[in-house]
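Subject: Structure handover

Hello,

Here is the structure for you to look over. My notes come after it.

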Amino acid sequence: QANNKGLEFFADREKAKDIIQEAYSKVLEIKDKYDINNERAYLYKIAKNIVINQAKNCKKIIYSLHNE
């Protein structure tokens, strides 16, 4: 269910699947270390952060190429 919900925000379905998979993997890694009340909300938060980080990295690459 989370997979379908996350996919609707992206034009590139494969990239969306990769992001959801990475987010889910991160939740599984830390869920035993921390008390997570709402795993679904936490999953979405992590996915959002992954997208933001990828956008920042893309801007850095574009800026770097533009200034060469």
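Below is what I found, starting with confidence and ending with individual residues.

**Confidence**

Please keep in mind that this is a predicted model. The chain has a mean pLDDT of 77. Of its residues, 69% reach 70 or more. By element, confidence is lowest in helix H1, residues 2-7, where the mean is 49. It is highest in H2, at a mean of 88. Where pLDDT is low, predicted coordinates should not be read in detail.

**Overall fold**

The chain has 68 residues. Its secondary structure comes to 3 helices and 0 strands. Along the sequence the pattern reads α-α-α. Buried residues account for 21% of the chain. The accessible surface is about 5,700 Å². Carbon and sulfur atoms hold 51% of that surface. I also looked at contacts between residues at least 6 apart in sequence. Of these, 41% join residues at least 24 apart.

**Nonpolar core**

The largest nonpolar core has 8 residues. They are Ile19, Ile20, Ala23, Val27, Leu43, Ile46, Ala47 and Ile50. Two elements each give two or more residues to this core: helix H2 (13-30) and helix H3 (39-66). Val27 is a useful residue to display. Leaving out residues up to four places away in sequence, Val27 touches Tyr42, Leu43 and Ile46. Of these partners, Leu43 and Ile46 are also listed in the core.

**Salt bridges**

A search of the whole structure gives 2 salt bridges.

- Lys17 pairs with Glu14, with the closest N and O atoms 3.8 Å apart. These residues are 3 apart in helix H2, so about one helical turn separates them. Lys17 is partly exposed, at a relative accessible area of 36%.
- Lys26 pairs with Glu22, with the closest N and O atoms 3.7 Å apart. Here the spacing is 4 residues in helix H2, so again about one helical turn lies between the partners. Lys26 is partly exposed at 35% relative accessibility. Glu22 is partly exposed too, at 34%.

If you set a distance filter, note that the cut-off used for a salt bridge is 4 Å between the side-chain nitrogen and the carboxyl oxygen.

**Across H2 and H3**

Two C-alpha distances may help you orient the view. Glu22 lies in helix H2. Glu22 and Leu43 are 21 residues apart in sequence, and their C-alpha atoms are 9.7 Å apart in space. Glu39 is found in helix H3. From Glu39 to Leu28 the C-alpha distance is 9.6 Å, with their positions 11 residues apart in sequence. Glu39 counts as partly exposed because its relative accessible area is 41%, which falls between the 20% and 50% limits.

**The loop before H3**

What does the side chain of Asn38 reach? Asn38 sits in the loop between H2 and H3. Its side chain reaches the backbone nitrogen of Arg40 at 3.3 Å. The side chain of Asn38 also reaches the backbone nitrogen of Ala41, at 3.1 Å. Asn38 itself is partly exposed, at 45% relative accessibility.

**In short**

The chain is built from helices, with 0 strands. Its largest nonpolar core draws two or more residues from each of H2 and H3. Both partners of each salt bridge lie in H2, as the Lys17 and Glu14 pair and the Lys26 and Glu22 pair show. Helix H1 has the lowest confidence, with a mean of 49.

Best wishes

Terms used: Residues numbered from 1 in each chain as written. Predicted model: local features only at pLDDT ≥ 70, side-chain atom pairs only at ≥ 80, totals over all residues. Heavy atoms only, no water. Buried < 20%, exposed > 50% of the residue type's maximum accessible area, 1.4 Å probe, protein only. Contact = heavy atoms within 4.5 Å. Areas by Shrake-Rupley, 256 points an atom, 1.4 Å probe, with all protein chains shown as cover. Core = buried A, V, L, I, M, F, W, Y, C linked by side-chain atoms within 4.5 Å. pLDDT = per-residue confidence, 0-100. Polar contact = N/O pair within 3.5 Å; in protein donor to acceptor, adjacent residues only side chain to side chain.
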